Amino acid sequence: MLRGRSLSVTSLGGLPQWEVEELPVEELLLFEVAWEVTNKVGGIYTVIQTKAKTTADEWGENYFLIGPYFEHNMKTQVEQCEPVNDAVRRAVDAMNKHGCQVKELTLHLAILSKLMGKKTVTNMNSQEKTIHLLKENFQVHFGRWLIEGSPYVVLFDIGYSAWNLDRWKGDLWEACSVGIPYHDREANDMLIFGSLTAWFLKEVTDHADGKYVVAQFHEWQAGIGLILSRARKLPIATIFTTHATLLGRYLCAANIDFYNHLDKFNIDKEAGERQIYHRYCMERASVHCAHVFTTVSEITAIEAEHMLKRKPDVVTPNGLNVKKFSAVHEFQNLHAMYKARIQDFVRGHFYGHLDFDLEKTLFLFIAGRYEFSNKGADIFLESLSRLNFLLRMHKSDITVMVFFIMPAKTNNFNVETLKGQAVRKQLWDVAHSVKEKFGKKLYDALLRGEIPDLNDILDRDDLTIMKRAIFSTQRQSLPPVTTHNMIDDSTDPILSTIRRIGLFNNRTDRVKVILHPEFLSSTSPLLPMDYEEFVRGCHLGVFPSYYEPWGYTPAECTVMGIPSVTTNLSGFGCFMQEHVADPTAYGIYIVDRRFRSPDDSCNQLTKFLYGFCKQSRRQRIIQRNRTERLSDLLDWRYLGRYYQHARHLTLSRAFPDKFHVELTSPPTTEGFKYPRPSSVPPSPSGSQASSPQSSDVEDEVEDERYDEEEEAERDRLNIKSPFSLSHVPHGKKKLHGEYKN
């Protein structure tokens, strides 16, 4: 059914596209299983949500997502409907009908109390009544997820299935000899979820009527479903995708030199000391049970080979849904609009200390989970201290405003911060009121044919109001570093580091710091902006992560045309190094954190930031144009082919009599790179990577030779073909679109 691979090059912004021979999707069913289906916890939610459209376009009505049921998510994100597919409908009906036929009464008190509406279970009259109530409440929920592509979702309510936990623990022990401690609630929840998934897939395969089933499981949370499916010999082609290894995340958080000692760790000992040995075993069993093992980046592939003892079969980089504007520079207009809204917040936050020019202020930010060292907040703060010294020493008139958008435990907004926004609004109202009176008097004078005396237009009351407004902006304290009252203020790692390096938003500081320990929201009374709006209004995203299997934050910056800093230890940074000849020229600054000491990496980051500060406004506009051009590289329409290859490969391994792929390696991008922009002067390869330079002479030269549309078209034409005979495996040749021996 599947013979070889048909290769052709099509256009997506000039990028090469590999067209894998289409699968007979009408004879297949595809299920993707993840704890973050409709349930936003971390980056996997973004992967699945953004990829859904391209997958749904390919698979149509035969694509389903499996996840946990939470009532609030169901009400806001899912439209309930009946399954159209016969196998899925019969599986849902079978589980709803037989889900509560228990052999023994081992029910959790909390569940019974919820069902009965009582505080205790002493009012239960009989076992029959209990089972009847469970039957009424247990339900497999089915519907369409209200995102792009509107994929079908199957959601399991794990709360009403907890009564069977002990039996399912026994099933897992028989399958792979992994035991789960009673006190690990998360692992117990994953066991229930995985057991329900395996049960559902068995019902589907029992009623599949000759259709072949492909199931992809994301992360260890979904892995138990894969383990049990293979243990029960279900006829399913399986894929396991790890987005980050469990142990890797723990080790990096402990400030261990992780990547240079990958082959030296005693894995079992390290997992045991961190009390995650059972989780690690579940993850490793899932990896080795899968027909195909994938991970999201080359750096994570190296990590997985050492941590999980299996080399990934396919690397599947994470993409985004890229939306192009009809007007080429519309994203630049959005940048100006949202920058003005950030400037309004800064006016309030720094009232009484606003002695810097907002038009010469650069907005930098870091965002993500509050993992101080993993996300690189430690070296970022240290480099800001050094940047502050450089800007002061060179008497620069540039001010750098740095936002830390990292959620932490707080006691609501800081009073001083809220007061600042109130003062700003009061000043705006005063200015508006005086402007109205001034305008009316000026208008009347002009009607009389007179040039008014300004002393007559502004009377004593107006001057009094303005003086009172000025006095209201006086403050004795410095602008606060944090916008919220932190619960652990004294031990918070960001605040502790700020105290050590002395960045307290003094007037003499050229670098100002604001910690916003909460996700951004358009409903916030403080900074009413969504995350995407905020990113578009900033000048540079800084993400010098030490542990970042992919890195959606710099990828999102790139798609929105905002330059970013990443590292060669992040999947995104490695991906850009592979695909872009001169990443810095395109606004992708890659810090070396693998082959340099922390101090050297910090110096390199400081150099990047200082160079960015020296750019003129036009140079930053040029760089944003180039950054936005890379967005096609991150489009799921381009990156989705890696997932296609993984599905082809798993079918050929699970059902070799029906499916066959001659090439087991994924589509290659060898030989393909974004070229150095034509307006960037050539430089020796050993010198610093090119970026817009910062002298007036360079400005004039660049103005003469830079044309955005012309340069973009040259980039498309100069991208090298990804395919040549040198890439054909030994012993094969390309013949009529297929590889033959």
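User: At what angle do helix α14 (residues 377–393) and helix α18 (residues 493–501) pack, and how far apart are their axes?
Analyst: Quick heads-up: this is a predicted model, where local features need pLDDT of at least 70 and side-chain atom pairs count only at pLDDT 80 or more, while totals for chains, interfaces and linings use all residues. Residues are numbered from 1 along each chain as its sequence is written, and side-chain values use heavy atoms, leaving out hydrogens and water. Helices (H or I, at least four residues) and strands (E, at least two) are DSSP runs numbered from the N terminus, and axes are lines fitted to C-alpha atoms (for helices, over the stretch in contact), with angles from 0 to 180 degrees between N-to-C directions. For α14 and α18, the angle is about 25 degrees and the axes are 10 Å apart.

User: Is α14 roughly parallel or roughly antiparallel to α18?
Analyst: The two pack at about 25 degrees. Angles under 35 degrees count as roughly parallel, over 145 as roughly antiparallel, 65 to 115 as roughly perpendicular and the rest as oblique. That angle therefore makes the pair roughly parallel.

User: Which residues make the contact of α14 with α18?
Analyst: Contact here means heavy atoms within 4.5 Å. The α18 side brings I494, T497, I498, R500 and I501, and the α14 side brings L381, E382 and S385.

User: How many residues of each class, nonpolar, polar and charged, does the contact of α14 with α18 have?
Analyst: Ala, Val, Leu, Ile, Met, Phe, Trp, Tyr, Cys and Pro count as nonpolar, Asp, Glu, Lys and Arg as charged, and the others, Gly among them, as polar. By that scheme the contact has four nonpolar, two polar and two charged residues.

User: Which strands are at the edge of the sheet that holds β14 and β17?
Analyst: Strands pair if DSSP finds at least two bridges between them. Six strands make up this open, parallel sheet, ordered β14-β11-β10-β15-β16-β17. Pairing on one side only, the edge strands are β14 (511–516) and β17 (588–591).

User: Which strands does α14 touch on the sheet?
Analyst: The sheet twists by 25 degrees on average from one strand to the next. The direction of α14 makes about 170 degrees with that of β11 (399–405). The strands touched by α14 are β10, β11, β14 and β15.

User: Which strands does helix α22 (residues 598–613) lie across?
Analyst: Helix α22 runs at about 160 degrees to β17. The strands α22 lies across are β10, β11, β15, β16 (564–567) and β17.

User: How many residues of strand β6 (residues 212–218) are buried?
Analyst: Buried means under 20% relative accessible area, with exposed over 50% and partly exposed in between (1.4 Å probe, protein chains only). Y212, V214, Q216 and H218 point one way, V213, A215 and F217 point the other way, and all are buried. β6 is largely enclosed by the rest of the structure, because the buried count is seven of the seven.

User: Which residue in β7 stands opposite H218?
Analyst: On one pairing, β6 and strand β1 (residues 28–33) run parallel over six bridges, with V33 opposite F217. Six bridges also join β6 to strand β7 (residues 236–242), again parallel. There, the residue opposite H218 is T241.

User: Which strands stand at the edges, each with a single partner strand?
Analyst: Nine strands form this open sheet with mixed pairing, in the order β3-β4-β5-β2-β1-β6-β7-β8-β9. One side of each edge strand is left without a neighbour in the sheet, because each has a single partner; these strands are β3 (78–80) and β9 (314–315).
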